[in-house]
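Student: I've got a structure open and I'd like to go through it with you. Can we take it question by question?

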Amino acid sequence: MNPNQALNYSTNQPFPHHHHTPHHIMVTPVDPYVVETLKSVIGKYVVLETTRGRIDGCVVDCKPDHVILDVYGKKFFVRICEIVWIMPN
């Protein structure tokens with residue numbers, strides 16, 4: 001490809017010499033230490049500082065990507081990647 005061809009090339013098209021094979025890659029960040037800590041306090045009251053503010057309640061369950069808090073009878077699903085710190089009470 002000469003320099004003029006590179007300038008006229010549409011960025012929305014794949015390179016002509018590459019074969020495009022459609023596939024999907026799912027990337028899920030997992031913080032195993034935070035998950036382990038949250039699993040150790042299931043059934044206990046905690047305070048979570050998140051990127052959106054503070055929330056406190058009883059830990060109902062913990063999955064690799066979120067924790068479930070019971071806050072006065074209402075369930076809150078908090079993404080683990082949004083947690084800044086955890087304080088068991």
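Student: Which strand is Trp85 found in?

Tutor: Keep in mind that we're looking at a predicted model. The strand to check covers residues 83-88, and Trp85 falls in that stretch. That makes the answer strand S5.

Student: Is Trp85 buried, exposed or partly exposed?

Tutor: Its relative accessible area is 32%. Buried would need under 20% and exposed over 50%. Because 32% falls in between, Trp85 is partly exposed.

Student: Which residues form a nonpolar patch on the surface, with about 280 Å² of accessible area together?

Tutor: Start with Trp85, which belongs to that patch. The other members are Val84 and Met87. So, with Trp85 at 32% relative accessible area, the patch is made up of Val84, Trp85 and Met87.

Student: Now the inside. How many residues does the largest nonpolar core have?

Tutor: Leu38, Leu48, Val67, Leu69 and Ile83 are the ones with the most contacts inside this core. Helix H2 and strands S1, S2 and S3 each supply at least two of its residues. In soluble globular proteins, nonpolar side chains tend to be buried together. Here the core's count is 14 residues.

Student: Which residues does Ile83 contact, leaving aside its neighbours within four places in sequence?

Tutor: Two of them, Leu38 and Val67, are also among the residues with the most contacts inside the core. Glu49 and Thr50, both of which Ile83 touches, lie in strand S1. The full set is Leu38, Leu48, Glu49, Thr50, Val67 and Val78.

Student: Is Glu49 buried or exposed?

Tutor: Beyond four places in sequence, Glu49 touches Arg54, Glu82, Ile83, Val84 and Trp85. Its side chain also makes a polar contact of 3.1 Å with that of Arg54. The cut-off for buried is under 20%, so at 19% relative accessibility Glu49 counts as buried.

Student: And Thr50: which backbone oxygen does its side chain reach at 2.7 Å?

Tutor: Thr50 is buried, with a relative accessible area of 12%. Its side chain reaches the backbone nitrogen of Arg52 at 3.0 Å, but that's a nitrogen. The backbone oxygen at 2.7 Å belongs to Gly53.

Student: Last one: what pattern does the protein follow along the sequence?

Tutor: There are 2 helices and 5 strands to place. Read along the sequence, they give α-α-β-β-β-β-β.

Conventions. Residues numbered from 1 in each chain as written. Predicted model: local features only at pLDDT ≥ 70, side-chain atom pairs only at ≥ 80, totals over all residues. Heavy atoms only, no water. Core = buried A, V, L, I, M, F, W, Y, C linked by side-chain atoms within 4.5 Å. Buried < 20%, exposed > 50% of the residue type's maximum accessible area, 1.4 Å probe, protein only. Helix = DSSP H or I, 4+ residues; strand = E, 2+ residues; numbered from the N terminus. Contact = heavy atoms within 4.5 Å. Patch = residues over 30% accessible without salt bridge, like charges linked within 9 Å, V, L, I, M, F, W, Y side chains within 5 Å. Areas by Shrake-Rupley, 256 points an atom, 1.4 Å probe, with all protein chains shown as cover. Salt bridge = Lys/Arg side-chain N within 4 Å of Asp/Glu carboxyl O. Polar contact = N/O pair within 3.5 Å; in protein donor to acceptor, adjacent residues only side chain to side chain.
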